[in-house]
Amino acid sequence: MPTPLPDPAEPSAAAPEFSAWLERFFAGYYAERPVNATFIGRHEHDHRYPDWSPEGLEDTVAEMQAELLALEALPHEPLDPFQLLDRRLARGFLRIQCEEYGSAHFQRRNPALHTGEAVFGLLSLFLTDFAPLPERIERARARMVALPTFLAGARAAVQDAPGPWVERALRECEGGLAFLADGLARLAAAAGPAGERLLQTADVAVRAFGEHRAYLREARIGGDPDVPAWGAERFQLLLEEGHFLGEGADALLDEARAALARAEQQVEQAAARTGGSVADAVARLATRRSTAAGFVARHTEIWEAMRAQALARGLLTWPDFPLRYVERPAWVRSSAPALYFLFYRSPAAFGRPPVHDYLVHPVGSDVPAAEREAVLASTTDSVIKLNHVIHHGGIGHHVQNWHAFRSPSRVGRIAAVDCASRIAMFCGGTMAEGWACYATDLMREFGALTPDEEVSEALARVRMCARAIVDVELHHGRMTLGDAQAFYERTAGMSAAAAHGEAVKNSMFPGAALMYLVGTDSVHAVRRAAERREGASFSLGDFHDRFLAFGSVPVRLIGEMLENGIDARPE
């Protein structure tokens, strides 16, 4: 059975006017974003897709503008600190979404947003066992029936698109068709009569994806090889109303360039401590890898070791939040390579299953030998430790999510839940990624990394700085997509394919790439401020517990609240 968590709707007796407005805000959020709602754990809209037709986008903008006007018109009421926080975050979210929905950058120009939503509208119903399989199948059938209308709305809304975004949309169509051809049959085989009905309805979805793929190939909407900039004014809106930063974009760019120079020095210093070069350290790490037979168990072994070290050092209170490393289920293996398919996808904020699955690459005997070898070669012990354990499955995202789901901020509970193409709310980014990157710094600080792994982590810091620079430059029109790719290859040592993929992702989601650097450095800054403020009474473990208790809200706002003596932990 799902694990009980705070009720997703908790109107407060205090400040009844604002409380009622917040209820309407969340009801609108889930109704207008039904696939997000599925991932978050609100299942009343599981049968629907959003309306991203031109008329639907206009209606949604009008509704959000009305919500903003209603918020501003509320009578003065005394709000507690977390109501004040939610007011700021909800207002910023609505302002940013009005810009997105009304612009020619997101749903009106990017076909990959539509294809990602289409595919994950179906996959989201099977990634966790939130309800019996036959019940989830019926919801999937309803979404399949709704799919042709959703994709037809996409074709009406997107009349022109950059070539790289069309290429991604085409890949996602292939992923959707692969799921419908292979994955659905595997799911249906375990579902009896409900499975037979699922396969009958699947023809509707197959035709819809096939027609959409043909349109993307033939309509010539992707002729422009470059991508649009979001623009300076809109980018500043993201900084002020999403990340809640006081600095302007150019100041952040200067900070990122200075941080890049320091990070490059740190790489050389870390390599010197190993007694060799950077290349030597990277080569040694490549030899430390698992066998196919021990691959999944190695993830669990390293997870347990990192948890033990964190507890032994008193770094924080580690929650009872079970996670298991398992191979990707067979039903998704053919489609996952073409999709934004995450190893670790945030559990649902509400009604999560008692154990969350971390889906690693399959390496069993049924996997072709060359593919199996490629997975083992790329997923070394250091990658498992730094990425799949510390950053994602352990002290990083997984522990932070547990705290977020219990936050007194209702926005903070859901903001960083992973959805079809990105997290549920932009404002959750600096906390989610900032904390996860800080967690790796923290484990290095307390001796959990080998000298060679410290070199790898320093290289990751270089990439983080490079992403922040590209984010600002690309969306101010000072870099083209080709410039960004070349910068990644030159500065971060990425392959051409990886650099292109990263640059395309940056182009789609302005303000998202810099949240790693800004978030990480902001966590360190909040910690230093707490150490100065509290002096000899400062406890690192207690600080981390207090910090995480705020949930997935901007790190800068957490710093303000801690400075004002606000404690988000339950009494």
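**Note on helix α15, selected side-chain pairs and a pocket**

1. In this predicted model, helix α15 has His397, His398, Val399, Gln400, Asn401, His403 and Ala404 as buried residues. With 7 of its 8 residues buried, the helix is mostly covered. The elements against which these buried residues pack are the strands β1 and β2 together with the helices α14 (381-393), α16 (410-414), α17 (429-445) and α22 (540-548).

2. Within α15, which spans residues 397-404, Gln400 deserves a separate look. Its relative accessibility is 0%, and Gln400 therefore counts as buried, the cut-off being under 20%. The side chain of Gln400 nevertheless has a polar partner, since a polar contact of 3.0 Å joins it to the side chain of Ser552. When neighbours within four places in sequence are left aside, the contacts of Gln400 are with Ile395, Met431, Ala432, Trp435, Leu548, Gly551 and Ser552.

3. Thr115, in helix α5 (residues 111-123), may be read alongside Gln400. Thr115 has 0% relative accessibility and so counts as buried. Its side chain makes a polar contact of 2.5 Å with the side chain of Glu172. Apart from residues up to four places away in sequence, Thr115 touches Ala169, Glu172, Cys173, His212 and Leu216.

4. Gly175 belongs to helix α7 (residues 163-189), and its relative accessible area of 1% is why Gly175 is classed as buried. Outside its neighbours within four places in sequence, Gly175 is in contact with Ser335, Ala338 and Leu339. For orientation in the fold, the C-alpha atoms of Gly175 and Asp51 are 22 Å apart, while 124 residues separate the two in sequence.

5. Turning to charged pairs, the count of salt bridges in the model comes to 42. One of them joins Glu138 and Arg197, with 3.2 Å between the closest N and O atoms. This pair links distant parts of the chain, given that Glu138 is in helix α6 and Arg197 in helix α8 (residues 193-218), 59 residues apart. Glu138 counts as partly exposed because its relative accessibility is 30%, and Arg197, at 34%, likewise counts as partly exposed.

6. Two further salt bridges involve helix α14, and both reach distant parts of the chain. Asp381 pairs with Arg298, the closest N and O atoms being 2.9 Å apart. Here Asp381 lies in helix α14 and Arg298 in helix α12 (residues 295-312), with the two residues 83 places apart. Asp381, at 16% relative accessibility, counts as buried, whereas Arg298, with a relative accessible area of 23%, is partly exposed.

7. The other α14 pair is Lys385 with Glu453, whose side chains meet in a salt bridge of 2.8 Å, N to O. Lys385 is placed in helix α14 and Glu453 in helix α18 (residues 451-475), 68 residues apart, so that this pair too links distant parts of the chain. Both Lys385 and Glu453 are buried. Elsewhere, salt bridges that share partners join Glu534, Asp542, Arg546, Asp567 and Arg569 into one network.

8. One backbone value should be noted for Phe244, a residue of the loop between α9 (232-241) and α10 (249-273). The phi angle of Phe244 is near 55°, which is a positive value in a residue other than glycine. Phe244 counts as buried, because its relative accessibility is 11%.

9. The second largest pocket holds about 570 Å³ of space. Its lining comprises 34 residues, of which Phe126, Leu127, Thr128, Asp129 and His356 are the closest to the centre of the pocket. Helices α2 (34-40) and α6 (133-157) and strands β1 (323-327) and β2 (356-360) each contribute at least two residues to this lining. By class, the lining residues divide into 19 nonpolar, 8 polar and 7 charged. Strands β1 and β2 thus recur in this note, as they supply residues to the pocket lining and are also among the elements against which the buried residues of α15 pack.

Key. Residues numbered from 1 in each chain as written. Predicted model: local features only at pLDDT ≥ 70, side-chain atom pairs only at ≥ 80, totals over all residues. Heavy atoms only, no water. Helix = DSSP H or I, 4+ residues; strand = E, 2+ residues; numbered from the N terminus. Buried < 20%, exposed > 50% of the residue type's maximum accessible area, 1.4 Å probe, protein only. Polar contact = N/O pair within 3.5 Å; in protein donor to acceptor, adjacent residues only side chain to side chain. Contact = heavy atoms within 4.5 Å. 1 Å grid on protein atoms, 1.4 Å probe; cavity = no way out; pocket = protein on both sides within 12 Å on 5 of 7 lines; lining within 4 Å. Points joined across faces, edges and corners; volume = space filled by probe spheres on them. Nonpolar A, V, L, I, M, F, W, Y, C, P; charged D, E, K, R; others polar. Salt bridge = Lys/Arg side-chain N within 4 Å of Asp/Glu carboxyl O.
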